[in-house]
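User: Please take a close look at the aromatic pairs here. Then set them against the chain as a whole.

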Amino acid sequence: MANPHHRKKHKEHLRQFQQRTAAQTGESKEKASASTVFAVTGAVVGIAVLYFATQGNFIWAIGGGVIGGLIGYLIGKGVDKAPKK
């Protein structure tokens, strides 16, 4: 019995088909990191909270951004490590 899936031409055609269908469905081999998204969001929220809490003091707002970014990064790492269903 013939095994067409072992032929080189078939493998190239299959690879092209998989790339074409992945592009159409919006799938990507690279996965966006949740830690980056959470870190940026945490930094923005930290800046906003401490800016308004200190009545406009930028030094404390920058510190809030750094702390918020670190907390968001750690939460994002936890989300990245969580098992997918």
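Analyst: The aromatic rings come first, then the whole chain.

This is a predicted model, where local features need pLDDT of at least 70, side-chain atom pairs count only at pLDDT 80 or more, and totals for chains, interfaces and linings use all residues. Numbering starts from 1 along each chain as its sequence is written, and side-chain values use heavy atoms, with hydrogens and water left out.

The structure holds two aromatic pairs. Rings of Phe, Tyr and Trp (its six-membered ring) pair if their centres lie within 6.5 Å; planes under 30 degrees apart count as stacked, over 60 as edge-to-face and the rest as tilted. Tyr 51 and Phe 52 are edge-to-face, because their planes stand at 75°, with centres 5.4 Å apart. Tyr 51 also pairs with Phe 58. That pair is tilted, at 40° between the planes and 5.4 Å centre to centre. Ring pairs thus join Tyr 51, Phe 52 and Phe 58 in a cluster.

How covered is Tyr 51? Tyr 51 is partly exposed, at 30% relative accessible area. Phe 52 is exposed at 63%, and Phe 58 is exposed at 55%. Buried means under 20% relative accessible area, exposed over 50%, partly exposed in between (1.4 Å probe, protein chains only).

Now the chain. Buried residues make up 14% of its 85 residues. The protein chain exposes about 7,300 Å², with 66% supplied by carbon and sulfur atoms; the areas come from the Shrake-Rupley method with a 1.4 Å probe.
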